[in-house]
Amino acid sequence: MFPLQRKIVLPGEAGVKAGDIIGFSGRSWISAAVNVATYGIPLYGISHVGIMGHAADGRLLIFESTSLDGDVPCAITGKPIVGTQAHLLEDILKLYCGSA
């Protein structure tokens with residue numbers, strides 16, 4: 001079995017493109033619970049994912065469903081959303097408590 005290689009990448013650094021899946025490993029109790037429930041390793045395994053896609057204006061955004069970033073406005077609606085939302089990947093990586 002191959003060891004997991006984790007590295008934070010930003011658009012342009014490693015060719016992140018529409019359709020790429022970005023995995024997140026959170027440090028919160030919710031992320032740990034997700035890992036336990038899905039037979040992952042708490043604080044290490046992937047607790048949620050997002051998919052990269054283009055907005056109507058051409059921006060490359062990450063689309064994810066989460067309630068943890070409810071105070072960060074969605075890049076499309078301009079409003080904080082609990083549920084499916086879109087953000088610039090670099091904005092989420094600056095705020096995320098964990099690894100991507």
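**Exercise 1. Locate Glu-64 in this predicted model and establish which side chain it contacts and whether it is paired or unpaired in charge**.

*Solution.*
Step 1. Glu-64 belongs to strand β3, which spans residues 60-66.
Step 2. The residue is buried, yet no salt bridge is found for it. A salt bridge requires a side-chain nitrogen of Lys or Arg within 4 Å of a carboxyl oxygen of Asp or Glu. For Glu-64, the nearest side chain of opposite charge is that of Arg-59, at a distance of 14 Å.
Step 3. The side chain of Glu-64 does have a polar contact, at 2.8 Å, with the side chain of His-48. His is not counted as a charged residue here, so this contact is not listed as a salt bridge.
Result: Glu-64 is buried without a salt bridge, and its side chain makes a polar contact with that of His-48.

**Exercise 2. Determine how many salt bridges the whole structure holds, and describe the exposure of the partners in the one formed by Arg-59**.

*Solution.*
Step 1. Side chains of opposite charge can pair when their charged atoms come close.
Step 2. The search of the whole structure returns two salt bridges. One joins Lys-17 to Asp-20, with 3.3 Å between the closest N and O atoms. Another joins Arg-59 to Asp-57, where the closest N and O atoms are 2.8 Å apart.
Step 3. Arg-59 counts as partly exposed because its relative accessibility is 32%. Asp-57 is exposed, because its relative accessible area is 53%.
Result: there are two salt bridges; in the pair formed by Arg-59 and Asp-57, the arginine is partly exposed and the aspartate is exposed.

**Exercise 3. Describe the surroundings of Gly-83 and Gln-85 in strand β4**.

*Solution.*
Step 1. Strand β4 covers residues 83-87 and includes Gln-85; Gly-83 is also found in β4.
Step 2. Gly-83 counts as buried because its relative accessibility is 18%, and the cut-off for buried is under 20%. Gln-85 is likewise classed as buried, because its value is 2%.
Step 3. Beyond residues up to four places away in sequence, Gly-83 touches Glu-64, Ser-65 and Thr-66. The C-alpha atoms of Gly-83 and Glu-64 are 7.8 Å apart, although 19 residues separate the two along the chain.
Step 4. The side chain of Gln-85 has a polar atom 2.9 Å from the backbone oxygen of Ile-81. A polar atom of this side chain also lies 2.9 Å from the backbone oxygen of Thr-66. In addition, the side chains of Gln-85 and His-87 share a polar contact of 2.7 Å.
Step 5. Between Gln-85 and Leu-61, 24 residues apart along the chain, the C-alpha separation is 9.6 Å.
Result: Gly-83 is buried and touches residues including Glu-64, whereas the buried Gln-85 has side-chain polar atoms placed against the backbone oxygens of Ile-81 and Thr-66.

**Exercise 4. Identify the members of the largest nonpolar core, the elements that supply them, and the contacts of Ile-62**.

*Solution.*
Step 1. The largest nonpolar core has nine residues: Val-16, Ile-22, Phe-24, Met-52, Leu-60, Ile-62, Leu-89, Ile-92 and Leu-93.
Step 2. At least two residues of this core come from each of β1 (21-26), β3 and α2 (89-95). Helix α2 gives the most, with three residues.
Step 3. Setting aside neighbours within four places in sequence, Ile-62 is in contact with ten residues' worth of partners listed as Ile-22, Phe-24, Gly-50, Ile-51, Met-52, Gln-85, Ala-86, His-87, Leu-89 and Ile-92.
Result: β1, β3 and α2 each supply at least two core residues, and Ile-62 contacts residues including Gln-85.

**Exercise 5. Summarise the chain as a whole and state whether Trp-29 is buried or exposed**.

*Solution.*
Step 1. The protein chain contains two helices and five strands, arranged along the sequence as β-α-β-β-β-α-β.
Step 2. Of its 100 residues, 32% are buried.
Step 3. Trp-29 sits in helix α1 (residues 29-37). This residue counts as exposed because its relative accessibility is 69%.
Step 4. Trp-29 and Pro-42 are 13 residues apart in sequence, with their C-alpha atoms 8.8 Å apart.
Result: Trp-29 is exposed and lies in helix α1.

Methods:
Residues numbered from 1 in each chain as written. Predicted model: local features only at pLDDT ≥ 70, side-chain atom pairs only at ≥ 80, totals over all residues. Heavy atoms only, no water. Helix = DSSP H or I, 4+ residues; strand = E, 2+ residues; numbered from the N terminus. Buried < 20%, exposed > 50% of the residue type's maximum accessible area, 1.4 Å probe, protein only. Polar contact = N/O pair within 3.5 Å; in protein donor to acceptor, adjacent residues only side chain to side chain. Core = buried A, V, L, I, M, F, W, Y, C linked by side-chain atoms within 4.5 Å. Contact = heavy atoms within 4.5 Å.
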